[in-house]
Amino acid sequence: MNLGILGSGQLGRMLALAAHPLGIRPSCLDTRDNPCAAAVMPYTKADLTDEAALRRFAEGLDVVTYEFENVPVTAAEIIAETVPVYPPPAALAAAQERRAEKKLFQQLDIPTARFAVIDTADDIAAALEQIGTPSIWKTRRFGYDGKGQYVIRRLADAQHAWDDTKKAPAILEEQITFERELSIITVRNRVGEIASYPLTENEHRAGILRTSHAPATNVDAALQRQAEGFAHRILNHLDYVGVLAVELFQVGANLLANEMAPRVHNSGHWSIDGAVTSQFENHLRAVCGYELGATDARGAACMLNLIGNTPDPATLTGFERTKIHLYDKAPRPGRKIGHVTTVTNDEPTLDRILRTIQPVIADAADG
Ligand code: ATP
Ligand code: MG
């Protein structure tokens, strides 16, 4: 099986690391110089809008997937003319644009935060009137790790956001007072079988994911079913193949969908060490036409992102029951450069170990 990956970041790198043992030969294409995925598979440097390069890349491949959601939809469509591309390009289109994504959620009866659409300066006052404050301004495209987002408390904040983003189309979203953030990672294969990981609890700071705890504690069967229900509707509606992540806000016993990612997701990294089958392996199984692997957790797991900077590997190896994943990326403020995952048999042990890790990581990183 020859697998092509569009994109070359850490998600591609971890997909490749999961591909080799399955006998899948990965290769990737992207525009970057010396990307971290190039260390573990052949890399083609080309523009994602270079039609000839995309066609050359597709030659000899059996299936193509992508590892970031800002792959131009046209790139996926060009490749799909000759080689199957999973997840389907329609999923990419929906996830790239916040209005399209929200519309899809509404169409599938998946609850979301109330929102208003901003296309021109004339829409701003009406949007504030409709949604109220505090609210969150989000550019519709190219947002990640909280980039392109502004907390809006008064009209002047909205004017600032509009100018600061060079008048980029946006949505204004109600600020949700949630109990916690969760995510559901699901996977659907080519014959429509679906498997879901246990709900994961996620902690963000400054818009960036810091930790994921799985299985999330205090999750009853109804909450897990609710989350799986949202994901299943999206998967089946799009005739989706691969891993899909849906980010959720919990408010009381109810869930709201924040956004979806048509790819392996940072909040699923714990599954490499903490689940029977990792999200990366299951994504590969799905897109390559194989059966899915079991998604059960092996214990209580917590993944901590290494952001900005990291203690040296020798220090990381000293952590009890903890696995290290470095991405070979240069340190830079706010940049995800690795993660560690602790897996234990019970929550008290997990708590105890995390208390020894967290201060060391926080000292090295930016927050
Ligand atoms: P990423 O791609 O890293 O997941 P993003 O930049 O696409 O992030 P969101 O997921 O929409 O952006 O928002 C990032 C974080 O900001 C959320 O995980 C949540 O903590 C907070 N946030 C976003 N929208 C809301 C909201 N409507 N109410 C409250 N908090 C919010
Ligand atoms: Mg998000």
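**Exercise 1. Determine which polar contacts hold ligand 1 in the side chains of glutamate 173, histidine 204 and glutamate 247.**

Solution. Step 1: begin with glutamate 173, where a side-chain N or O atom is 2.8 Å from a nitrogen atom of ligand 1. A polar contact here is a pair of N or O atoms within 3.5 Å; within protein, one atom must be able to donate a hydrogen and the other to accept it, and residues adjacent in sequence count only if both atoms are side-chain atoms.

Step 2: turn to the oxygen atoms of the ligand. An N or O atom in the side chain of glutamate 247 is 2.9 Å from an oxygen atom of ligand 1, and a polar side-chain atom of histidine 204 lies 3.3 Å from an oxygen atom of ligand 1.

Step 3: consider the cover. On its own ligand 1 has 610 Å² of accessible area, of which the protein covers 91%; such areas come from the Shrake-Rupley method with a 1.4 Å probe, and for residues only the protein chains shown count as cover.

Note on the model. This is a predicted model, in which local features need pLDDT of at least 70 and side-chain atom pairs count only at pLDDT 80 or more, while totals for chains, interfaces and linings use all residues. Residues are numbered from 1 along each chain as its sequence is written, chains are lettered from A and ligands numbered from 1 in the order in which they are written, and side-chain values use heavy atoms, with hydrogens and water left out.

**Exercise 2. State how many residues surround ligand 1 and which elements give two or more residues to the shell.**

Solution. Step 1: 20 residues surround ligand 1, and the closest are Gly146, Gln149, Glu173, Glu181 and Glu259. A residue is counted if one of its heavy atoms lies within 4 Å of the molecule.

Step 2: sort the shell by type. It divides into five nonpolar, six polar and nine charged residues. Ala, Val, Leu, Ile, Met, Phe, Trp, Tyr, Cys and Pro count as nonpolar, Asp, Glu, Lys and Arg as charged, and the others, Gly among them, as polar.

Step 3: assign the elements. Strands E6 (135–139), E8 (170–174), E13 (242–251) and E14 (254–261) each give two or more residues to the shell around ligand 1. Strands (E, at least two residues) and helices (H or I, at least four) are DSSP runs, numbered from the N terminus.

**Exercise 3. Describe the sheet that contains E8 and identify its edge strands.**

Solution. Step 1: the sheet is open and has four strands in the order E5-E8-E6-E7, with antiparallel pairing. Two strands pair if DSSP finds at least two bridges between them.

Step 2: E5 and strand E7 (149–152) each have a single partner strand, so one side of each is left without a neighbour in the sheet. The twist averages 20° from one strand to the next, taken between lines fitted to C-alpha atoms (for helices, over the stretch in contact), with angles from 0 to 180 degrees between N-to-C directions.

Step 3: examine the partners of E8. Strand E5 (residues 115–118) pairs with E8 over four bridges, and E6 is joined to E8 by five bridges. Leucine 172 in E8 stands opposite alanine 116 and also opposite tryptophan 137. Isoleucine 171 in E8 faces valine 117 as its opposite residue.

Step 4: assess burial. Four of the five residues of E8 are buried, where buried means under 20% relative accessible area, exposed over 50%, and partly exposed in between (1.4 Å probe, protein chains only).

**Exercise 4. Characterise the hairpin of E13 and E14.**

Solution. Step 1: E13 and E14 pair in the antiparallel sense over seven bridges. Valine 246 has methionine 260 in E14 as its bridge partner.

Step 2: two residues lie between the strands, and glycine 252 takes a positive phi near 60°. Seven of the eight residues of E14 are buried.

**Exercise 5. Set out the strand order of the parallel sheet and locate valine 64.**

Solution. Step 1: four strands form an open sheet with parallel pairing in the order E3-E2-E1-E4. Strands E3 (43–45) and E4 (63–66) are at the edges, each pairing on one side only.

Step 2: five bridges join strand E1 (residues 2–6) to strand E2 (residues 25–30). Asparagine 2 has arginine 25 in E2 as its bridge partner.

Step 3: valine 64 is found in strand E4 and, at 0% relative accessibility, counts as buried.
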